[in-house]
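Trainee: I would like to learn how to read a model of this kind feature by feature, with the general idea given before the particular case. Could we take the structure up on the screen and begin with a single residue?

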Amino acid sequence: MTSKWAHLPDALPRAVRRLVHELREMKDRSGLSLHALAQRTTFSKSSWERYLNGKVLPPRQAVLALGDLTGAEPKRLTAMWEDAKTAWNDSCRATARATGTDTAPTLSAVHRRGSPIARLARALLTHLRSPKWAAITAATLLACAIVGVWTARDQTSGEPAPAEAGTTATAPAHRLETTCFGDSCTRKDPKQTGCAGDAWTAALTRFHGVYVELRYSDACKAAWGRISWGRPGDIAEVVTGHGETIREKVHYDTDVYTAMTEAMTPAAARACTTLTTGHHTCTPPGGTKHLTEPPNPPMPPSPSGE
């Protein structure tokens, strides 16, 4: 079934628009949901939502991973991605020159300094020459800069590095290949070890608008915590039966997951969160029922108010 896609931003360069349409067609052909894409590639559900709605230029590896799932030609996809990258960068530079903001911090500098989105937003608004540019130009420039931050997060924030071009991002569907079991999974990444391949939600709660999940792998006998709809600074935790806690912080997105802990049954662990407000809560110990995962967070309104 073909998805009902959201309207792409009018200002999106033609080459980027062409690439996004290609990604959407491949997703429709695959029949996979955003959650399934996250399970079968090394990119999160929220990352795929951004890529497929033209909010951020997808990394080359993400394009090739989706192409691999649908049997698309890697050379053709790589050429489309290179054209889109050139068009995206040209558009960002043109906007910066037109508004006199080409003295804004570079992407690499923004990524190094910490709190990049807030710092960059202040810098952009300070440099804008005329109030009439504020609504659309600040949003455009911010998106241009955030692409570097989000791409860095996709590749360095606990998700494994994407597969090389032409390689398969996942094991065959009929067999789950894992590299750890039980205690040997402790403090390892569920995606890198293959444990995410059969993951399901064993406990779930919503707290101050944030979803807190206990994720569990039967194949690996391991559990981990995940939060969705959070904000930078919110912390996901998984707590073992004997009180050990493993944490991971949201950096530039709305969701994050922790490393794993041994759990011979889901009841041996709980997921918790500590929010930037100081509020803290935990799920009950995991149960045996496979719970429905949280929905995607709502899309923010476009700069034009549509």
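Trainee: Is H208 buried or exposed?

Mentor: Bear in mind throughout that this is a predicted model. H208 is exposed, with a relative accessible area of 53%, and H208 sits in the loop between β1 (200-207) and β2.

Trainee: What is the sign of phi at H208, and about how many degrees is the angle?

Mentor: The general idea is that most residues other than glycine have a negative phi. In this structure H208 has a positive phi of about 50°, although H208 is not a glycine. W229 is another residue other than glycine with a positive phi, near 65°, and W229 is found in the loop between β3 and β4 (235-240). In contrast to the exposed H208, W229 is partly exposed, with a relative accessible area of 23%.

Trainee: Which glycine takes a positive phi just after α1, and which one just after α3?

Mentor: Just after α1 it is G31, with a positive phi of about 75°, while just after α3 it is G54, with a positive phi of about 70°.

Trainee: For the helices themselves, what span should α1 have, and how far apart are its end C-alpha atoms?

Mentor: Helix α1 covers residues 14-30, and at 1.5 Å a residue its 17 residues should span 24 Å, where the count of steps is one less than the number of residues. The end C-alpha atoms of α1 are 24 Å apart, which agrees with that expectation.

Trainee: Which residues of α1 are buried?

Mentor: The general idea is that an α-helix has 3.6 residues a turn, so residues three or four places apart point the same way. In α1 the buried residues are A15, V16, L19, V20, E22, L23, R24, M26, K27 and D28. For α3, 8 of its 8 residues are buried, so this helix is largely enclosed by the rest of the structure. The buried residues of α3 are K45, S46, S47, W48, E49, R50, Y51 and L52.

Trainee: What does the chain as a whole look like in secondary structure and burial?

Mentor: The secondary structure comes to 8 helices and 9 strands, and of the 306 residues of the chain, 46% count as buried. Among contacts between residues at least 6 apart in sequence, 61% join residues at least 24 apart.

Trainee: How many salt bridges are found in the whole structure, and which residue does K55 pair with?

Mentor: The general idea is that side chains of opposite charge can pair when their charged atoms come close. A search of the whole structure finds 8 salt bridges. K55 forms one with E49, the closest N and O atoms being 2.8 Å apart. The two partners can be read by burial as well, since K55 is partly exposed, with a relative accessible area of 24%, whereas E49 is buried at 14%.

Trainee: Which salt bridges involve R226, and what parts of the chain do they link?

Mentor: The side chains of E213 and R226 meet in a salt bridge, 2.8 Å from N to O. This pair links distant parts of the chain, with E213 in strand β2 (residues 210-217) and R226 in strand β3, 13 residues apart. E213 is buried, with a relative accessible area of 0%, and R226 also counts as buried, at 16%. R226 meets E293 in a salt bridge too, again with 2.8 Å from N to O. E293 lies in the segment after β9 (280-282) and R226 in strand β3, so the pair ties together parts that are 67 residues apart in sequence. Salt bridges that share partners join E213, R215, R226 and E293 into one network.

Trainee: How many cavities of 30 Å³ or more does the structure hold, and which residues lie nearest the centre of the largest?

Mentor: The structure holds 2 cavities of 30 Å³ or more, and about 290 Å³ of space lies in the largest. The largest cavity is lined by 24 residues, of which S44, K45, R226, D255 and Y257 lie nearest its centre. By class, this lining has 10 nonpolar, 7 polar and 7 charged residues. At least two lining residues are supplied by each of α2 (34-40), α3 (45-52), β3 (222-228) and β6 (256-257).

Note on methods:
Residues numbered from 1 in each chain as written. Predicted model: local features only at pLDDT ≥ 70, side-chain atom pairs only at ≥ 80, totals over all residues. Heavy atoms only, no water. Helix = DSSP H or I, 4+ residues; strand = E, 2+ residues; numbered from the N terminus. Buried < 20%, exposed > 50% of the residue type's maximum accessible area, 1.4 Å probe, protein only. 1 Å grid on protein atoms, 1.4 Å probe; cavity = no way out; pocket = protein on both sides within 12 Å on 5 of 7 lines; lining within 4 Å. Points joined across faces, edges and corners; volume = space filled by probe spheres on them. Nonpolar A, V, L, I, M, F, W, Y, C, P; charged D, E, K, R; others polar. Salt bridge = Lys/Arg side-chain N within 4 Å of Asp/Glu carboxyl O. Contact = heavy atoms within 4.5 Å.
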